[in-house]
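Student: I would like to learn how to read a structural model slowly, one feature after another. Could we begin with the ligand and then move outward through the chain?

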Amino acid sequence: MTDFTVTPYDVRGTIDYEKLLEQFGADRLTDEQINRFPNPVHPLLRRRQFYAHRDIDRFCDAIEAKTPHSIVTGRGPSGAMHLGHIIPLYFAKYVQEQTNARVYIPFSDDEKFLVKDRTLETIGEQTRDNLEELLAVGFDPERTRIIIDTHDADVIYPLAVAFGDAITQSTFNGTYGEPENIGHSFYPAVQTTHLLLPQLIHGVHPTLVPIGIDQDPHVRVSRDVASKRRFPVEKPAALLSKFLPRLDGPGKMSASGDAHATITLNDDRESIATKIHTHAVTGGQASKAAHRKHGGDPTVDVPFGLLQAMFEPDDERLAQIERDYRDGKLLSGELKSIAIDAINEFLTAHQKRKTQLGPLETELARYRLTDEERTTARQRVGHNELKSMN
Ligand code: TRP
C-alpha cells in the first residue's frame, strides 16, 4: 500500500516518485538520454525536474536526424496559472527554438467543465485568461497550433469519435477510477485526439508529450489506441515531470487550492516576496547562530528547489548557492531573497510579453488550425468530407 495518490484528477499525499514509476510502468531518464537533447540542455531536464519518460529514444533520433518531430502539451483551464503550469510550456518553447519542433497546445475546457464544479461561462473566462498566458510564452506561430476543444469541435469531435471506439469503459475505470459523469468517460478519447493530432495532420512521426506525471494515464491510453494499428500513427512518447512543490510543503502547486501557497503568473515582486517570506518552507536552522554552525539543508528548502528546477539556470551559481547554504554562510532569508529576485525576473519578462499582445482573437488567429489541416486530420481517421456542405 502507498500513502499517496496520483491520477489526472487527484494528487494527494507525499509522493514517492520512484514508487510512482513502478506503479505507472514508466522509465527513469538516463544521463545518455538527457544528453541527446541539443546543447545546452534545458535546466528542467538537466536537473531532472523531468525525471522519467516513455519511449523517448525515437524522438531523440528525429532531433538528431533533423526529421519531423512534434511536441504536444496542453492546459486544462481551471483557474489562474501558476509557476507549475508553465514548466512544460517553457520547455516546449525552448525545444522549438533549438530544433524547430512543431508544438501543439490543446485546451481541455470540456474536461474542466465536466470534472470541476464551474459554469461553462466561468470556464470560458478562464480559457481566455489562460490563452493570454500561453501567448505570452512566445511560440513561433508558423510551427505552433493552439486548439480549444469546444471551439475546434469540427476536428476534435470526429477524431475523438474514431478513437472513442477503441477505448472501453473498463479501460477508463482501470486507468482513472470512477468517472464523474458520462462526459468524463468520453474525455480520454479527446485527450488521445490531442496527443495523436500532429501525426494525423503531418503524417506518422515521433511526438513527445512533456507533462506533469499526473497526466501519464492519458499518455498510456493514447499509446494503447495507437498500438491497435487502426490509425496511421505511432505511439507518442512522454517526458514526465515531478511537481513543483507548494511553498508551504510537499505536494503539488494547485490552481484551485490556497492562493497564498502558490505563485501565480500575475504576481508582482511584492506579492512574490510576501508569499515566499511568509509561507516558504526552508531547510534553515531555528536560530541564526545554529544556522551558522550547522548550515542549512537545501534538499528540503522550497526556495532552493525553485532555483534548482529552472529559475537559476546557471549551474555554477546554483552550486555556489548550495555550498554556501550547507556551510551556513547563506541564511534562509538571504536564500529566499535570491529566489524572489530570480522568479521576479522571469515573471516580469513574461508579464511584459503579455502586455504587448494585441486583442486575443487577432493573436489566436495566427495559431489556429488551417482548413486544410482540419480536413486532412478528419480524412486520416476515415471521415469522408461532405463537399456540398462547405
Ligand atoms: N488534461 C490536462 C490537465 O488537466 C490538460 C491537457 C489537455 C493536456 N490536453 C493535453 C496536457 C495534452 C498535455 C497534453 O492539465
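Tutor: We need one convention before the ligand: helices (H or I, at least four residues) and strands (E, at least two) are DSSP runs, numbered from the N terminus. Please also keep in mind throughout that this is a predicted model.

Student: With that numbering in hand, which element gives the largest share of the shell around the ligand?

Tutor: The largest share comes from H10, which gives four residues. The shell as a whole holds 14 residues, and the closest to the ligand are Glu111, Lys112, Gln191, His194 and Gln215. Sorted by character, the shell has four nonpolar, seven polar and three charged residues.

Student: Which side chains place a polar atom by a nitrogen atom of the ligand, and at what distance?

Tutor: A polar side-chain atom of His194 lies 2.8 Å from a ligand nitrogen, while for Gln191 the distance to a nitrogen atom of the ligand is 2.9 Å. Gln215 likewise has a polar side-chain atom 2.9 Å from a nitrogen of the ligand. Taken on its own, the ligand has 370 Å² of accessible area, of which the protein covers 92%. Two or more residues of the shell come from each of helix H6 (109-115) and H10.

Student: What else can be read along H10, and is Gln199 buried or exposed?

Tutor: Gln199 is also in helix H10, and it counts as buried because its relative accessibility is 0%. A polar atom of the Gln199 side chain lies 3.3 Å from the backbone nitrogen of His205. Phe186 belongs to helix H10 as well, which spans residues 182-202, but Phe186 counts as partly exposed, since its relative accessibility is 31%. Together with Tyr157 and Val161, Phe186 makes a nonpolar surface patch of about 280 Å².

Student: How should I read the salt bridges, and how many does the structure hold?

Tutor: The general idea is that side chains of opposite charge can pair when their charged atoms come close. This structure holds 30 salt bridges. One of them joins the side chains of Arg54 and Asp216, at 2.8 Å from N to O. Arg54 lies in strand S4 and Asp216 in helix H11 (residues 216-227), so this pair ties together parts that are 162 residues apart in sequence. Both Arg54 and Asp216 are buried.

Student: Which other pair links distant parts of the chain?

Tutor: Lys354 and Glu133 meet through their side chains in a salt bridge of 2.9 Å, N to O. That pair links Lys354 in helix H16 (residues 332-355) with Glu133 in helix H7 (residues 120-137), 221 residues apart. The cut-off helps here: buried means under 20% relative accessible area, so Lys354, at 19%, counts as buried, and Glu133 is buried with a relative accessible area of 1%.

Student: What does the pair of Asp324 and Lys329 look like when read in this way?

Tutor: Asp324 forms a salt bridge with Lys329, and their closest N and O atoms are 3.7 Å apart. Asp324 is buried, with a relative accessible area of 18%, whereas Lys329 is exposed, with a value of 55%. Salt bridges may also be linked into a network, as they are among Asp152, Asp154, Arg368, Arg374, Arg378 and Glu385.

Student: Finally, how do I read the backbone angles, and where should I look for uncommon values?

Tutor: The general idea is that most residues other than glycine have a negative phi, and most peptide bonds are trans. Against that background, a cis peptide bond joins Asn39 and Pro40, with omega about -10°. Pro40 lies in the loop between helix H2 (31-34) and helix H3 (43-46).

Student: Which residues other than glycine have a positive phi, and where do they lie?

Tutor: Asp55 is one of them, with phi near 60°, and its place is the loop between strand S4 (50-54) and helix H4 (57-65). With a relative accessible area of 35%, Asp55 is partly exposed. Lys66 is another example, with phi near 55°, and Lys66 is found in the loop between H4 and strand S5 (70-72). Lys66 is exposed, with a relative accessible area of 74%.

Methods. Residues are numbered from 1 along each chain as its sequence is written. This is a predicted model: local features need pLDDT of at least 70, side-chain atom pairs count only at pLDDT 80 or more; totals for chains, interfaces and linings use all residues. Side-chain values use heavy atoms; hydrogens and water are left out. Patches are made of residues with over 30% relative accessible area and no salt bridge: like charges are joined within 9 Å, nonpolar side chains (Val, Leu, Ile, Met, Phe, Trp, Tyr) within 5 Å. Accessible areas come from the Shrake-Rupley method with a 1.4 Å probe; for residues, only the protein chains shown count as cover. A salt bridge is a side-chain nitrogen of Lys or Arg within 4 Å of a carboxyl oxygen of Asp or Glu. Buried means under 20% relative accessible area, exposed over 50%, partly exposed in between (1.4 Å probe, protein chains only). A residue is near a molecule or strand if one of its heavy atoms lies within 4 Å of it. A polar contact is a pair of N or O atoms within 3.5 Å; within protein, one must be able to donate a hydrogen and the other to accept it, and residues adjacent in sequence count only if both atoms are side-chain atoms. Ala, Val, Leu, Ile, Met, Phe, Trp, Tyr, Cys and Pro count as nonpolar, Asp, Glu, Lys and Arg as charged, and the others, Gly among them, as polar.
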